[in-house]
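Reader: I have not seen this structure before. Please take me through a few of its features.

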Amino acid sequence: GPVLRRLVAERAKTAREGVKIAGSFVQKFGYAVSGRTMVICDSEEGWLVSLVNGKHWVAARVPDDMVALISNTYTIREVDLSDTLNYLGSPDLIEYAVKRGWYNPDDGPFSFEKAYADPKTRISEGNTHRQWSGLRLLSREHVQLPEDERLPFAVKPKALLTVKDITCVLRDHYEETPYEPVAGYETRAAHKRHTSTICSPVTNSSSVFQLRSGMPVEIGAVWWLAMWQPCSTPYIPLYAGMDEVPEQLGISSESSGNSPFCITSFDFGSYCRVFSDLSGWVDNDYAARIPRLKSCWRTLEETSYNFQPPFEAYLLNQWNTEPAHAL
């Protein structure tokens, strides 16, 4: 997994090229674990790439006016490999499923997730509930509960999505939904009210990648990083062009040229440990402690969102005259 992602990042110039590189490696060398879905994006396209144990794979492009969510199972459904604008994959994807007894053409149209996903995993509440909750927060239309019908691959959002919209999804614990056992947090802390939430007790970092065209990638690509459970941790913006970041993050620039900064340790730096302890402290009395903390981080994040446009206007002006200063 990590090796394949690095190989793609080192070689691809576009998301589509990255998809083809990932697929070519899987077809040639195989994929050793049970399965995975990679997200490969640039400022123009976003793809979900599903890898199967063995030598089969499929990728679907998320339509420009839609949003897709994945949990720990495949979500790509209908596949048309003749439509290379929107789908790429192993040429014998359907033929192999028929051979293995996973798909019978007499049963109707081919669905990749139905044929290739673990039968129990694809309907597990921990997966379907999380995917549903993210979709219902962003979708323009009502999204049926997963017990009533299969969830869509993607939905049209209520409006043009912002970083804030995505952070709201990543902080979700099924508040105000049928999967919230009790209202409020007095009886149970947010992370202890369901078997699996989007923001969970095992979330040790959370990221939003803001990729924009029309400007240098050093300015247009921003990594918004929360270094522990996002409900009790702020998202901070890290620009791809930064030549250094605070050492407390445990992130550094590689020595060669303009390589992007990278994670240098599993548990990041002291910043991560501070927010790990803070999240644990909040969970010990979530109802009493989270309101004040949410207010604090909301102020910090809104300051970042409001500061971003004038800051980037300044950076773009500097980029044309003094790029080293902009970095």
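Author: The questions below deal with confidence, one helix pair and one proline.

Reader: What pLDDT does the chain average?

Author: This is a predicted model. Of the residues, 95% score at least 70. The chain's average pLDDT is 90.

Reader: Over which residues is the pLDDT below 50?

Author: Where pLDDT is low, the predicted coordinates should not be read in detail. One such stretch has 21 contacts in the model beyond near neighbours in sequence. The pLDDT is below 50 over residues 255-266.

Reader: Are α5 and α6 roughly parallel or roughly antiparallel?

Author: Helix α5 covers residues 125-138 and helix α6 covers residues 163-170. Their axes lie 9 Å apart, at an angle of about 150°. Angles over 145 degrees count as roughly antiparallel, so α5 and α6 are roughly antiparallel.

Reader: How many nonpolar residues are in the contact of α5 with α6?

Author: On the α5 side the contact is made by G134, L137 and L138. From α6 come D165, I166, C168 and V169. By class, one residue is polar, one is charged, and the nonpolar ones number five.

Reader: Is P230 buried or exposed?

Author: P230 sits in the loop between β8 (221-226) and β9 (236-239). Leaving aside neighbours within four places in sequence, its contacts include L170, R171 and Y235. Its relative accessibility is 1%. Buried means under 20%, so P230 counts as buried.

Reader: How far apart in space are P230 and S205?

Author: In sequence, P230 and S205 are 25 residues apart. From C-alpha to C-alpha, their separation in space is 7.4 Å.

Methods: Residues numbered from 1 in each chain as written. Predicted model: local features only at pLDDT ≥ 70, side-chain atom pairs only at ≥ 80, totals over all residues. Heavy atoms only, no water. pLDDT = per-residue confidence, 0-100. Contact = heavy atoms within 4.5 Å. Axes fitted to C-alpha atoms, helices over the stretch in contact; angles between N-to-C directions. Helix = DSSP H or I, 4+ residues; strand = E, 2+ residues; numbered from the N terminus. Parallel < 35°, antiparallel > 145°, perpendicular 65-115°, else oblique. Nonpolar A, V, L, I, M, F, W, Y, C, P; charged D, E, K, R; others polar. Buried < 20%, exposed > 50% of the residue type's maximum accessible area, 1.4 Å probe, protein only.
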